[in-house]
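Please look through the structure below with its strands in mind, and follow the chain from one strand to the next as the explanation proceeds.

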Amino acid sequence: MSDKKEVVITFTAWTSHCADGCCTDYGTELTVNGIKAESPYIGDNVAQSIEFVLQQLGYAPIINKE
Ligand SMILES: [Zn+2]
C-alpha cells in the first residue's frame, strides 16, 4: 500500500455547436479533486493546467517558459 496522497485529475473534452449549427467550438475542461477550473479551454494548455493542479494542491507555482 502506498502512503502517497491521491489526487484525482480529470480532463473532459467537449464540443459545442451554435444554435444555427454553423459554428463549432471545442476545448478540454480540467477538474482536480472535484474542483473544476474556470476556463473551459484550460486542458488544452499544458502550462495553465499544471499551474491549476499545483494551486489546488496548495502550491504557489512559478511557471517559466523558455
Ligand atoms: Zn453559428
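What follows describes how the strands of this predicted model pair with one another, and then how a helix packs on them.

The three strands form an open sheet whose order is S1-S2-S3, and the pairing within this sheet is antiparallel. At the edges lie strand S1, residues 9–17, and strand S3, residues 35–36, each of which pairs on one side only.

We can begin with the pairing of S1 and S2. Strand S2 covers residues 24–32, and nine bridges join S1 to this strand, the two running antiparallel. Two residue pairs help to locate the register by eye: Ala13 has Thr28 in S2 as its bridge partner, while His17 stands opposite Thr24 in S2. The hairpin made by S1 and S2 has six residues between the strands, and within this hairpin Gly21 takes a positive phi near 80 degrees.

On the other side of the pairing scheme, S2 and S3 also run antiparallel and are joined by two bridges. Here Val32 stands opposite Ile35 in S3, and the hairpin that S2 and S3 form has two residues between them, with Asn33 in the turn showing a positive phi of about 50 degrees. When tracing side chains along a strand, it is useful to recall that in a regular strand they alternate between the two faces of the sheet.

The helix can now be added to the picture of the edge strands S1 and S3, each paired on one side only. Helix H1, residues 46–56, packs on the sheet and touches S1, S2 and S3, and the direction of H1 makes about 30 degrees with that of S2.

How values were computed:
Residues are numbered from 1 along each chain as its sequence is written. This is a predicted model: local features need pLDDT of at least 70, side-chain atom pairs count only at pLDDT 80 or more; totals for chains, interfaces and linings use all residues. Two strands pair if DSSP finds at least two bridges between them. Helices (H or I, at least four residues) and strands (E, at least two) are DSSP runs, numbered from the N terminus. Two residues are in contact if their C-beta atoms, placed from the backbone, lie within 7 Å. Axes are lines fitted to C-alpha atoms, for helices over the stretch in contact, and angles run from 0 to 180 degrees between N-to-C directions.
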